[in-house]
Every structure is written in structure tokens, then in C-alpha cells.
Amino acid sequence: LRHMPRPNQKVCVFGDAHHCDEAKANNVPSMDVDALKKLNKNKKLIKKLAKKYDAFIASESLIKQIPRIMGPQLNKIGKFPTMLTHNDSMTGKIDDVKSTIKFQMKKVLCLGVAVGNVKMTDDELAGNIHLAVNFLVSLLKKNWQNVRALYIKSSMGQQTIDDDLCYNGETLGQSYHGHINVTRTGLSCQPWSRISSFNFDHNYCRNPDFKDGGPWCYFTSAIGQFNQSWDYCFVPFCKSKDGSGCNEANGGCSHICLTTPNLYYCSCPKGLKLGRDNKKCQDINECQYDGICQFSCLNTYGSYKCHCPKGYRRNVNQCLDIDECQLNRKICSHYCQNTRGSFLCYCPSNLTISSDARNCIRKSQLANFKPQLKIECNQNYIAVAIPQSSLPDINRQDIQLRDSSCSPSSNGTHFLVIIRPLSNCGTIIKYYSNSIIYKNQIKNRLYHRSGPITRQKIVRLGFLCSFSNQGWIGFAYNPDNKPFISHNWYKGFGNYTFIAKIYPTQQYFNAYPPNAYPLPFKLNQRVYLELGVDTSDANLRLFVKSCLATPTMNISDTQHYWIIRNGCNRDNTINKHPSNSNQNFRFSITAFSFLSNQPLIFIHCQLIVCPLHNNLSRCAQGCQGSIDARRRFKRELHQDDRIASNVVSIGPLLKLGHIKYENNDGHNQNNRVDILVICAILLVLILLFSISYNIYLFVRRNINQNVIKRGYSLIRNK
């Protein structure tokens, strides 16, 4: 604080010889090392010492020894010494300690500190109070919203209150002269002279125009927007002279009225907030906050409710998938597979699924109706063509899509359907763990419907496009109508277009054209890359699962370097750059080279497309933990062709400024010649050694045989 609030505090010095002499000269209590050691870590003696003095300071050479000499008691009490160096003034350091206050923020709802004494002037008290209050508010999580009331009291006396702490409701706070300068929402007030015609030279809350809610202030400097740029301040009401307050009509509060000896204020229960008049409570719309519910949220008065779609059950604020196959064993006639929010029935190879998608029937039971349905799936549209001969007695005006405003056209031989964008014409979008499906249906308009009957032929032709990490696949699924029934699946193929570009600067303007490759990059030069997917569906986003570099176009090259693996950055030079779309990913790395001195570098990236707002998708999971490296590498690169179909390759990049390849090639050729010569010499030496050893064995064997024959002849003669 600027002014010393407690000049009578007792301060003790733990000092060396120099500081102990200085303390004696200034009549300050002091203790040297020997005196501290006599305490012998006795808790009672240390607590008695702590009660005797309000604060302690210690020499720089001694402060590190205090925990070893005295134990942790001073630190637990909250009176650990302040360090005193030989360059500091002892009296000045003691004055700083006496001017310092501490707020103990330890699970307490009330706390108090000394900010002054009766001998201080009004200006000195005001300066200390403002500094202490602002510092306290800065420690709180919600600033002024965490403060219920502030009291200024003399020691053991009654609290003082005037128009600086509350305002009179009868005068609407015209006489309020307090120093609150934040709105009830915690926004700082702006100076009055900057944005208004009121003659104030400060930014405190006032009520110069008699607003009903009491003191207010401007919290923005937008001139001319006065009806949107101001808000009321949270200033309590002063009690009337008869001391009524909350006793009379609940103080005008709609819910809760809290009172103190001289003022009162309104409060609201959980789920409500005070209105502009600081008296009536209004509902808080919790559903406007992101992530409060997993799927849908319904706001209620004072609370909210989370709803789960069909196929899920609610658990607090989460939606858990229902395993229909486990819950009802008879839901499918043969085999059942659970999916997120639904289930799938399938059949053995000799049977096929019926129109109810649950029972399996023989293929001989299928209808003979097989329309030659053609589907084209594209990232921007779905096109369907149906021969008119497959739908006899059906006119173009008699059929529509799920949305009645969309109807097919005709070229004389085919009915043509074009859906653009993909979510148009009532298209149903379903998100699964590894695919995104767009469903629609061609059906007839029932003009002459009479109750439960019709005299028109019923048309129900369903079609869908399924997109996974590997691209788009079009299907026609089993319809459920009788006159025109198709139990066959018709396939159409399409793919998203994945984009990979390299830019010269981080502004991402003017990408390098294809004829500029291979691109020359020096070592440690930053390479700016952009990956994207071309689609008109704004509800999709791109995720880069893995990126690796190889010296060749072969993604399975044994010599490789991981840049991104399983969503995790492996290269420590990666910098991510902002993009204007969720369907683009921009990042940069510094250029590098392989130790094998390969001149070219290729970068391969595996991309995944997921729904934008699905928190359970692979894109939302981000970086995943590592597993066995050898098994993962084999699975990522060699599992099947599906990986290659969604891998984007960039390159080649030419590295410069590191090795001169022409000189290295000649040097390598000389090395190869030297190795060949050495190998030839070793082979000749081995051959000569083998021949010499065989001759030695042959001679030795003949000599032994001659000796044996001579000995035998000599014995026989004797």
C-alpha cells in the first residue's frame, strides 16, 4: 500500500553479524544463527516466537538455512521471513513489510485486512482502500460478480455507511458518490467526458438522467450507440430511515432479498440473473453455451433439459448409444449388428434382406421389378436417371422427392433427378463411424387420396450416396412399396477431390504451378503446404491423420520419415496456419534431406473427412496414443488399397545447399572400384591357401604309409 496501515507492527530480524549489529543500532529485535539453533525445531517455542512478532525478515545468506534450522512451522503459520540483502536499507525493508497486506484465499466466504489507522487522513485512507479493493477483485475468477458486499470498519466498531456504498431508491441514486466503476456484468466503465455530454471527469457509476435501475455507466466508446453501450452497476440499496429494507414488500425484489445493518440488495436462485433494475430476476438461457448438451438442448425457466435422438439414452448431459441387438435378441431374423443410434440386419449368403430391413427371405421370393437405375455421386451433386419404361403409367408431374418442391425432369426416355447441393430436397444425412450417407426417395404425389386408400400406383424408389475416407459410392437401397419394388442394389461411383498445394509464403497466395515441380528448397527453408477437399457440403471438415516423407514416389519405401502420425505432430518444426474454411488444413515445416543423399523428397498425407459437429468422429478425437510401432506401420501402409485411395502425394521437392551430387557420384564410383579390387585379392589369397593346405595333407599321408610298410617288413623278417 502507498501508506503504512499498521505502524505498530513488531518485526524481528534473522540476520548475520552485519545485520544483527545494524538491528541493534536501530532498536530492532534480532536473532542470529546460534539463537535459532537453540529452538531445536521445537514446535511450541517456534509458535510462541511467531505470536510474539507480526513479521520476520532474514539475511540473504541465512534465509536458505531457516527450513533446515527451524522446520516448516513458520511457513505453515504464514510468517515465512522476507529476504534482506546487504544492498537494502533495513528500515526501508521493515516499512515495506508493514505496508504489505495479504489476502488468504483459502475456501473462505469472508476475509478482512487492515488498510489504515485512525491517524491517517481521508485521502490516505481512500488511496489504500482503492488499491486494496482493486487488487482483491483481480484475484477473483469473476471479478466483481464474486463480491457480495464490502464493509469499511474501525477496529471493533460499527460499520460506516453513506452514499459511497449504497444508493437511495427514492432518489434513484442521484446522490450516489461511490467509486464503483464496473457494470453488473463485470465490464469496465468508460470516462464520461469521452462519449457523453455529462460533466464528469471520472468513470464511476452515476445516474444523472434518473434511470429507474439506479447508477449506470457507459462501457463502450462507440459514439452514437448510447442505447446499446451502457448498463447498470451493481450498487446495493440503502435502508430507509425506519430501518425497513427487506421487511417492506421484500424490498421490491422478485425472489431473494438480503440485508445487512445499513443496506440491502436483491439476489436470484440458480438459473436466474438480475434484470436491469437489479430487482427482478430473469431466466438464463443455458442452451446458448457451447457443449452444454451433446445433441439438442431445451431451455426451461431456471434450468434446461438435454434431449437425445432415437437410438440413444440420456445419462446426465450425455447421450449413450443403445445396443438394440443386445436389448432385443429377436429384432432381426438372423444376424444383427449394432451401429451408433441404430442397428443393421443382414442375412446368410443364400438369403436376402426383405423390404422391412429385418427379416431374411429367399431370393426366389423377390419381385421381378428391376428398374435400370443409374446414380452419379459427386462432391457437389447427386444425379439419378430412371428409364420411363420402368415406370409405366407414371407421368413426370406425378412423382417428387422427399421435398415436394423438388420434382424430376424428363428428356423423353428417362426421368432425371439432380440434387444440388447435397443437403437439398429433403435429403437425410446420417453420420457413421466410417461413412457419411445422403438418403432421398422418389415417390408419387397422392392427388386423389381418400382416407386410407388410393387409386394411383405407389412409387417408392430410394437411393443413397455413401461417402467414406475412400471416396463416394452410390447405391439404390431396398424400397418398401408394393407396385414398383426393387430389391436389388445398384452401384454408382464417385469420389471427393482432394487438393494438395505448396505456396511460397505464409500468405498462401499464388501456389506453385504443376510445371514448376520439382521445387528447389534449401535446407531449413520453410515449406508452406495446404491440404483440402473440394465439396459443397458445409457440414464437413477435413482431418490430416498422417503425413510421411519418402525419397521416392513409393509410399511403402523402407526409408521414410513421419511428419504427422495418427494425428500427432512428429516433426518439431511444424507450424499450423489459419485457414478460412474447415475443409482446408494449412501447415509448414522446414526443408530437410535424407542421410542417404537422395536428391528428391515426396510427401504423402492420409486425409479423413468427418461431420463438422460430431464430437464422436475421428476428426474430433485429434491426436491418439501410440501403439506398437511395427504393427502400426504395417497396418497403415500395407493393409489394403483403401489407404492409397485417400492418400495425397506432394512432390518431388529438390533439396539444395547441402551436398554436390555430381562430386559424390564420382566419389562413390571410385569407392566401388576400390572395394571390387580388395574383394578380388582376398579371393585369390583364399584360393592359394586352400591349394597349399591340400598339398600338405597329401604329402603327409604318403609319408606315413611308407613308414608303416617298412616297419611291417622288418618285423616279418625277424
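This passage describes the fold, cores, surface and local geometry of a predicted model.

The protein chain comprises 718 residues, of which 37% are buried. Its secondary structure consists of 13 helices and 39 strands. Among contacts in the chain with a separation of 6 or more, 56% are between residues 24 or more positions apart. The chain exposes an area of about 43800 Å², and 51% of this is supplied by carbon and sulfur atoms.

Helix α1 spans residues 17–25, and its buried residues are H19, C20 and A23. Viewed down the axis of α1, these buried residues fall within an arc of 100°, so they line one face of the helix. The face turned away from the buried side carries A17, D21, K24 and A25, which are exposed. The cover over the buried residues of α1 includes three strands, β2 (30–31), β3 (55–59) and β4 (82–84), together with helix α6 (90–98). Just after α1, N27 adopts a positive phi of about 60°.

The largest nonpolar core contains 51 residues. Within this core, I382, V384 and I442 touch the most other members. When neighbours within four places in sequence are left aside, the contacts of I382 are I375, E376, V417, I418, I419, L422, Y438, F463 and C465. A second core, separate from this one, has 29 residues, including W144, C233, V235 and C246.

C233 is also one of the residues touched by C217. C217 is located in strand β5 (residues 216–218) and is buried, because its relative accessibility is 0%, against a limit of under 20%. Residues up to four places away in sequence not being counted, C217 touches T183, C189, W192, C205, S229, W230, D231 and C233. The C-alpha atom of C217 is separated by 7.2 Å from that of Y204, a residue 13 positions away along the chain.

On the surface, a nonpolar patch is formed by V677, I678, I681, L682, V684, L685, I686 and L688. Together these residues have about 760 Å² of accessible area. One of them, V684, belongs to helix α13, which runs over residues 661–717. V684 is partly exposed rather than exposed, because its relative accessible area is 47% and the exposed class requires over 50%.

Two salt bridges are present in the structure. In one, the side chains of R586 and E530 meet with an N to O distance of 2.9 Å. This pair links distant parts of the chain, 56 residues apart, with R586 in strand β37 (residues 584–590) and E530 in strand β32 (residues 526–534). Both partners are buried, because their relative accessible areas, 15% for R586 and 8% for E530, are under 20%. In the other salt bridge, the side chains of D209 and K211 meet at 3.3 Å, N to O. D209 has a relative accessible area of 33% and is therefore partly exposed.

Some backbone features call for separate mention. Most residues other than glycine have a negative phi, and most peptide bonds are trans. The bond between R420 and P421 is a cis peptide bond, with omega at about 0°. P421 is found in the loop between β24 (414–419) and β25 (428–431). N143, which is not a glycine, has a positive phi of about 55°. N143 lies in the loop between α7 (122–139) and α8 (192–195), and at 32% relative accessibility N143 is partly exposed. A positive phi, near 55°, is also found at N566. The loop holding N566 connects β34 (561–565) and β35 (568–569). N566 counts as buried, with a relative accessibility of 10%.

Conventions. Residues numbered from 1 in each chain as written. Predicted model: local features only at pLDDT ≥ 70, side-chain atom pairs only at ≥ 80, totals over all residues. Heavy atoms only, no water. Buried < 20%, exposed > 50% of the residue type's maximum accessible area, 1.4 Å probe, protein only. Helix = DSSP H or I, 4+ residues; strand = E, 2+ residues; numbered from the N terminus. Arc of directions from axis to C-beta. Contact = heavy atoms within 4.5 Å. Core = buried A, V, L, I, M, F, W, Y, C linked by side-chain atoms within 4.5 Å. Patch = residues over 30% accessible without salt bridge, like charges linked within 9 Å, V, L, I, M, F, W, Y side chains within 5 Å. Areas by Shrake-Rupley, 256 points an atom, 1.4 Å probe, with all protein chains shown as cover. Salt bridge = Lys/Arg side-chain N within 4 Å of Asp/Glu carboxyl O.
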